[in-house]
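This report goes through a two-chain model chain by chain, from overall dimensions to single elements. It then turns to the place where the chains meet.

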Amino acid sequence: MSRDGAPSLEDIIHAYGADRTRLMDIVIAVQQRLGHIDDAAIEAIASGLAMHRVEVEDMVSFYAFFDREPRGRNRIRLSKTPVSVMKGAREVARAFEEALGIRIGETTADGLFTLQWTSDIGLADQEPAALVNGMVLADLTPADAPLIVAALRQAGAAGALPPYPPHSSEAAGLPKSLIRSSLVQSGPLLAGPPVRAAGLRAALAMTPEAVIEEITTSKLRGRGGAGFPTGMKWRLTRKSPGVEHYIACNADEGEPGTFKDRLLLSEFPDLVFDGMTIAGYALGGRQGLLYLRGEYAYLWDDLQRVLKDRRDQGLLGADICGKVGFDFDIRIQLGAGAYICGEESSLLESLEGKRGSPRDRPPFPTERGYLGQPTAIDNVETLVCATRIMEKGSAWFAGIGTKESTGTKLMCVSGDCERPGVYETPFGITVNDLLDLVGAPDARYVQFSGPSGQSIAPKDFGRRIAYEDLSTGGSTMIFGPQRDVLETALQFADFFVDETCGWCAPCRIGTVLLKQGMEKVVAGRATLADLAETEALADTVIRLSRCGLGQTAPNPILTTMRSFPELYEARLAAAPFEPLVALDDALREAVQIQGRAPVNGEA
Amino acid sequence: MAADVFSLVIDGIEIEASEGQSVLEACDAAGIYIPRLCHHPDLAASGTCRICTCKINGRSVAACVTPAARGMVIENDTPLLTADRRALIEMLFVEGNHPCPYCVASGDCELQALGYRLGMVAPTQPYQWPARKIDATHPDVYLDRDRCILCSRCIEASRMEDGKTVFGFEGRGIAMRLNIDAAGGLGETQMAAIDKAASVCPVACIVLKRDSYRVPNGERRFDKAPIGSDIEAKRAGHKS
């Protein structure tokens with residue numbers, strides 16, 4: 001302990017057993033202690049873990065929530081997405097700028113506040129939303145900004161930094177900290193109060209092989225959108241040789257417009273933990289890992305409390321539910337702001353305390369995953385489905401939905417509609433059915449399955465939501481007739497520039513070039529040749545990129561091009577060629593320095 | 001045929017491969033050149049550049065990190081893949097600052113050589129003109145990040161061959177940079193001119209001082225023959 005009673009860096013490193021695979025936790029704790037990770041902290045962590053400083057820096061510099069430079073005591077992060085912008089996020093940002101006397105991205109002179117944009121924080125149904133010291137505020141208006149700033153000032157300028165992960169009760173003092181339930185319509189999966197461990201007890205009455213068989217018979221497929229058969233994943237993991245076998249729950253819900261995992265973790269955590277425990281039993285694992293995105297740090301305390309209850313009740317630990325020899329526990333790994341970590345191999349890297357760059361496959365995680373051991377990585381919703389299947393039987397589950405897509409899907413609906421929120425709907429309904437349900441009679445288009453999915457025009461609203469037609473992770477952003485399709489595509493292109501990990505060249509550079517190409521379109525300066533070039537570039541990035549991020553990053557541009565060619569054509573410049581940079585813009589600085597008036601249309 | 005030797009087909013040509021080889025290694029051994037940039041024969045493959053992307057059994061994957069397997073059908077030298085690779089080389093050119101005409105590595109640079117081999121005339125994408133730092137703190141080794149293509153060869157070589165971990169990455173996305181294991185730059189590290197890490201750079205990011213014009217322009221590796229010729233010579237040798 002240091003003199004002020006706070007843990008020293010040595011204490012923090014010691015608390016994690018000087019284990020370099022726990023570097024995420026160590027850096028989070030060090031930043032909580034010091035406010036930022038300075039050179040001395042990098043050196044101390046490196047020497048405490050017997051690492052090189054360049055290795056520690058490599059990891060720390062990767063995550064958006066880690067700071068190498070001092071920032072304000074209070075961190076205000078405003079969610080910037082096309083949906084938040086349509087709901088007034090820019091006006092809220094301006095109100096914060098006025099209340100604080102700084103611009104977005106800056107820190108106040110007294111060191112009390114830093115104001116920033118951040119990527120989607122999983123509250124698309126309650127935008128504009130913000131994270132303040134990790135706590136969450138929703139449905140913000142410009143009038144809230146000065147009140148929030150005043151409340152933060154009152155909460156104390158001196159003393160230790162605000163706790164992180166934040167305590168749940170901390171939020172109470174701030175305006176707009178009451179988050180309403182996102183669940184608008186529940187179905188077979190979420191209806192009725194969940195009974196803790198009902199599914200788990202049913203599973204433990206069977207052999208592990210029989211559990212896998214039951215999941216396979218239910219035809220459950222991964223709910224993240226890729227749709228890999230869950231039973232097969234568990235079977236592959238179980239039969240892969242390894243010292244340990246792991247189940248990892250992917251709660252890095254970063255796809256803009258998705259918020260179902262937040263709902264499940266805050267209102268149905270036992271169904272999630274039951275599912276992880278069932279999976280652990282089925283695939284022969286003793287440890288489960290829940291990777292919780294940094295944006296959901298405010299769920300930390302509640303989730304830990306549920307885990308403790310479960311340990312007290314014998315649902316975690318040794319001989320679970322009296323099943324002799326079945327020992328299993330769950331660790332929550334908090335992330336630190338990186339969309340790429342939702343990609344399963346990046347998630348594994350992050351779980352091991354490294355930068356979240358994807359791995360090449362093969363080997364697949366089912367063979368070599370966490371710490372090189374066989375690992376099944378499942379979406380939060382998938383595990384909830386597995387719990388219910390054990391509770392109610394595979395026949396019940398397979399009786400819902402379509403032939404290839406059994407069960408229900410949690411659709412996260414936001415944007416221009418009357419009733420945004422989570423809707424549990426059986427697979428097989430059409431986009432039109434969903435739009436009727438949520439009250440969006442005049443949708444101009446739907447961004448389906450997030451920016452990595454596709455833009456769907458009304459001509460395709462009759463298509464079915466199912467793996468065999470429109471596959472989705474759940475994100476459904478609705479845009480009304482007043483919205484600018486191209487401007488939105490540009491915002492999504494910008495999102496991928498922020499979130500590309502940088503490891504592979506086509507995605508690192510391609511996302512930037514695609515965004516610049518789209519800027520030219522939106523500015524009305526793109527020619528027909530530019531469009532062809534942008535399309536070709538998009539296809540190249542898809543073919544050459546290493547992981548799903550690069551392979552889908554061009555989708556917002558490509559799918560709007562294909563759904564709305566007339567909007568692109570209407571924005572084209574008539575000239576056969578326009579340079580990327582307008583002459584006026586290129587000369588503006590020179591003209592200014594020369595202190596003369598621009599001539600002939602210069603600047 | 002031994003148990004661990006099998007055949008696969010690349011661009012219609014049947015070649016032999018053995019268990020444990022990557023597709024790229026198997027093709028190298030058979031004298032078939034797959035363009036590549038980040039791959040170095042002495043180092044573990046990192047798969048950062050994706051130039052060696054082929055269509056293997058219908059899927060686009062990087063040949064350097066894909067294990068060769070029995071009966072694989074591979075497309076390599078196709079107009080579409082060449083166009084993709086050329087576009088990617090262009091991307092790398094506009095991402096950094098690459099003044100070939102006065103660069104010390106001209107004629108010995110794998111990026112430049114691939115540009116020639118793949119038929120790049122001039123980049124059609126906009127130059128990004130990034131601001132990057134040079135590092136001249138070391139007495140024998142000069143670091144010019146303008147040329148860096150983030151291939152990770154030096155990182156791998158320093159860690160695995162030299163046992164020093166002098167290099168690493170910093171940041172993410174387009175802001176990613178090559179980083180040094182000392183706040184004060186390369187001069188504060190254990191880096192030595194004889195290190196493997198000093199000799200594996202495919203461009204002119206890591207340059208030995210006082211050594212640059214030992215081989216004059218016009219007489220360098222790729223002045224004499226296109227990149228990949230050495231590999232292709234093996235196949236010509238088999239035939240004759």
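The model is predicted, and immediately after helix H2 of chain A, Gly35(A) takes a positive phi of about 95°. The helix that ends before this glycine is taken up again below, once the overall dimensions of the two chains have been set out.

**Overall dimensions**

The table places the two chains side by side.

| Chain | Residues | Buried share | Box along principal axes |
|---|---|---|---|
| Chain A | 603 residues | 54% buried | roughly 85 × 65 × 45 Å |
| Chain B | 240 residues | 46% buried | about 55 × 40 × 35 Å |

Chain A contains 24 helices and 14 strands. For a chain of 603 residues, a compact globule would have a radius of gyration near 25 Å, and the value computed for chain A is 25 Å, which agrees with that expectation. Of the contacts in chain A with a separation of 6 or more, 72% are accounted for by residues 24 or more positions apart.

Chain B has six helices and ten strands. Its radius of gyration is 19 Å, close to the 18 Å that the globule rule gives for 240 residues, so chain B is as compact as a globular protein of that length. When the contacts in chain B between residues at least 6 apart in sequence are considered, 66% of them join residues at least 24 apart.

**Domains and helices of chain A**

The domain assignment divides chain A into domain 1 (9-60), domain 2 (79-173), domain 3 (190-398), domain 4 (408-479) and domain 5 (485-570). Between domain 4 and domain 5 of chain A, the C-alpha centres lie 23 Å apart, and the contact takes nine residues from domain 4 of chain A and eleven residues from domain 5 of chain A. On the side of domain 4 of chain A that touches domain 5 of chain A, strand S13 (residues 454-456) of chain A gives the most, with three residues. By class, the residues on that side of domain 4 of chain A divide into five nonpolar, four polar and no charged.

Helix H2 (residues 23-34) of chain A allows a simple check of its geometry: at 1.5 Å a residue, its twelve residues should span 16 Å, and the end C-alpha atoms are 16 Å apart, which agrees. Within H2(A), the residues Leu23(A), Met24(A), Ile26(A), Val27(A), Ile28(A), Val30(A) and Gln31(A) are buried. These buried residues pack against helix H1 (9-15), helix H3 (39-48), helix H4 (53-60), strand S8 (329-334) and helix H14 (344-351) of chain A.

A second helix, H11 (residues 260-267) of chain A, is mostly covered, with six of its eight residues buried. The buried residues in H11(A) are Lys260(A), Asp261(A), Arg262(A), Leu263(A), Leu264(A) and Leu265(A).

**Domains and a hairpin of chain B**

In chain B, the assignment gives domain 1 (5-85 + 225-239) and domain 2 (86-223). The centres of these two domains of chain B, taken over C-alpha atoms, are separated by 24 Å, and their contact takes 18 residues from domain 1 of chain B and 21 residues from domain 2 of chain B. On the side of domain 1 of chain B that touches domain 2 of chain B, the residues divide into ten nonpolar, five polar and three charged.

Strand S8 (residues 167-170) and strand S9 (residues 177-180) of chain B run antiparallel and are joined by four bridges. Phe167(B) has Ile180(B) as its bridge partner in S9(B). The hairpin of S8(B) and S9(B) has six residues between the strands, and in this hairpin Gly171(B) takes a positive phi near 80°.

**Where the chains meet**

Between the two chains, 33 residues of chain A are in contact with 32 residues of chain B. On the side of chain A that touches chain B, the elements that give two or more residues are H4, helix H18 (485-499), helix H19 (505-522) and helix H20 (528-544) of chain A. The largest share of this side comes from H19(A), which gives eight residues. By class, the side of chain A that touches chain B has 15 nonpolar, seven polar and eleven charged residues. H4 of chain A thus appears in two settings: the buried residues of H2(A) pack against it, and it is also among the elements that give two or more residues to the side touching chain B.

Conventions:
Residues numbered from 1 in each chain as written. Chains lettered and ligands numbered in written order. Predicted model: local features only at pLDDT ≥ 70, side-chain atom pairs only at ≥ 80, totals over all residues. Expected span 1.5 Å × (residues − 1). Buried ≥ 20, exposed ≤ 12 C-beta atoms within 10 Å, placed from the backbone. Contact = placed C-beta atoms within 7 Å. Nonpolar A, V, L, I, M, F, W, Y, C, P; charged D, E, K, R; others polar. Domains from an automatic or database assignment. Rg over C-alpha atoms; globule rule 2.2 N^0.38 Å. Pairing = 2+ DSSP bridges.
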